[in-house]
Amino acid sequence: MPKTPAVSKGIPPCIIRYTTHPIQNRIVFSRILLEDRLLTSTASNPPLAGQVAVVTGAGRGIGRAIALTLAELGSHTVLCGRSREALEQTAAAIQRSGGGNSGRGLEKVAGKSSVIECDVTDLHSVESLAEHVERTFHRLDILVNNAGIGGAGGPLHQLSPDDWDRVLNTNLRGVYYCIRSLAPLMINSKGRNGHIINISSLAGKNALPNGAAYAASKWGLNGLTYSVAEELRAHNIRVSVICPGSVHTEFSPHPGKNAEKMLQAADVAHAVAMIVTQAPQSFASEILLRPTQKP
Ligand SMILES: NC(=O)c1ccc[n+]([C@@H]2O[C@H](COP(=O)([O-])OP(=O)(O)OC[C@H]3O[C@@H](n4cnc5c(N)ncnc54)[C@H](OP(=O)(O)O)[C@@H]3O)[C@@H](O)[C@H]2O)c1
């Protein structure tokens, strides 16, 4: 039970909880972020003020929720995906929640979000995104590699090479392209703390019969994350991975599951918020996210 709620100075508004560890009988400290809405309404200087974030696949589902959260935490959020219309809807939601856009056609700047069409499977498209971010903001603090697709269901021996390529090129090669194109800008932002957050899946931790290509892409993404984390550690860039179980989005049907008990997109966004508001010396490198009750 919390004994001493307090709001700390110099860190995001949060509650410091002092609890006694049930087994080791020692004091445990944990920082709990206040509700997003409370955060924005109380913080005149939100925790990510002045920072720039890129979220891939920000037009719907988990990416949209992450983009909204990062914008609420104060960052200028660059929204990427293939469907401009969906991205515009996320930008409008950010605007409604207090942010704003100053229109300049395709590339909107100086508000709380920018909309950039980008296909992560196309290196040229990703490089254009990186050039835009560098030219416009001269910095990048947070990259969330969220864009992803599911695999065609069925046993691997029946999967077409085209479907294999589609899944691997989006979920794994796409992340490589984004890191290849955007990490140099983060590295050049010397003295700052950067975050790269890859949205993987519990399918990257477990067997997934009839989804082997998807599982392979996410197991690969986890290995990529752990390795790049070591490569970029010295540059003050923390590379972490979030592995959610099934989330209630349009991603895939979940027949027989109770949608209310399932993880929601906002739950993944909350995990992202926890990562990007950590103290500089703390590195939560991996989060496995499960529903409290089996749906
Ligand atoms: N939902 C789940 O059960 C679940 C569970 C664990 C992990 N995940 C992971 O979470 C991430 C997001 O999933 P979601 O549930 O939010 O799925 P979703 O609702 O289908 O959204 C996927 C997003 O990715 C974008 N996208 C797909 N291909 C792209 C490409 N080539 N270039 C740029 N953007 C692309 C889509 O936008 P456009 O089509 O407009 O490009 C869309 O915004 C994925 O990586 C997924 O593997 C999902």
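**A helix across a parallel sheet, and the core around it**

In this predicted model, helix α2, which spans residues 61–72, lies across five strands, namely β3 (52–56), β4, β5, β6 (142–145) and β7 (194–199), and runs at about 170 degrees to β3.

The strands under discussion belong to an open sheet of seven, arranged in the order β5-β4-β3-β6-β7-β8-β9 and paired in parallel fashion. At its edges are β5, covering 113–117, and β9, covering 286–289, each of which pairs on one side only. From one strand to the next, the twist averages 15 degrees.

At the β5 edge, the pairing can be followed residue by residue. Strand β4, made up of residues 76–81, runs parallel to β5 and is joined to that strand by five bridges; Gly81, for instance, has Glu117 in β5 as its bridge partner.

The nonpolar core can be considered next. In soluble globular proteins, nonpolar side chains tend to be buried together. Here the largest nonpolar core has 61 residues, and those with the most contacts inside it are Val55, Ile66, Leu79, Leu182, Val268 and Val272. Helix α5 (residues 161–188) supplies the largest share of this core, with nine residues.

Leu79 offers a view of the surroundings of one such residue. When its neighbours within four places in sequence are left aside, Leu79 is in contact with Val55, Ala58 and Ala67, with Leu87, Thr90 and Ala91, and with Ser113, Ser114, Val115 and Ile116. There is also a second, separate core of six residues, among them Ala213, Tyr214, Ala215 and Ala216.

Note on methods
Residues numbered from 1 in each chain as written. Predicted model: local features only at pLDDT ≥ 70, side-chain atom pairs only at ≥ 80, totals over all residues. Pairing = 2+ DSSP bridges. Helix = DSSP H or I, 4+ residues; strand = E, 2+ residues; numbered from the N terminus. Axes fitted to C-alpha atoms, helices over the stretch in contact; angles between N-to-C directions. Contact = placed C-beta atoms within 7 Å. Core = buried A, V, L, I, M, F, W, Y, C linked by C-beta atoms within 7 Å. Buried ≥ 20, exposed ≤ 12 C-beta atoms within 10 Å, placed from the backbone.
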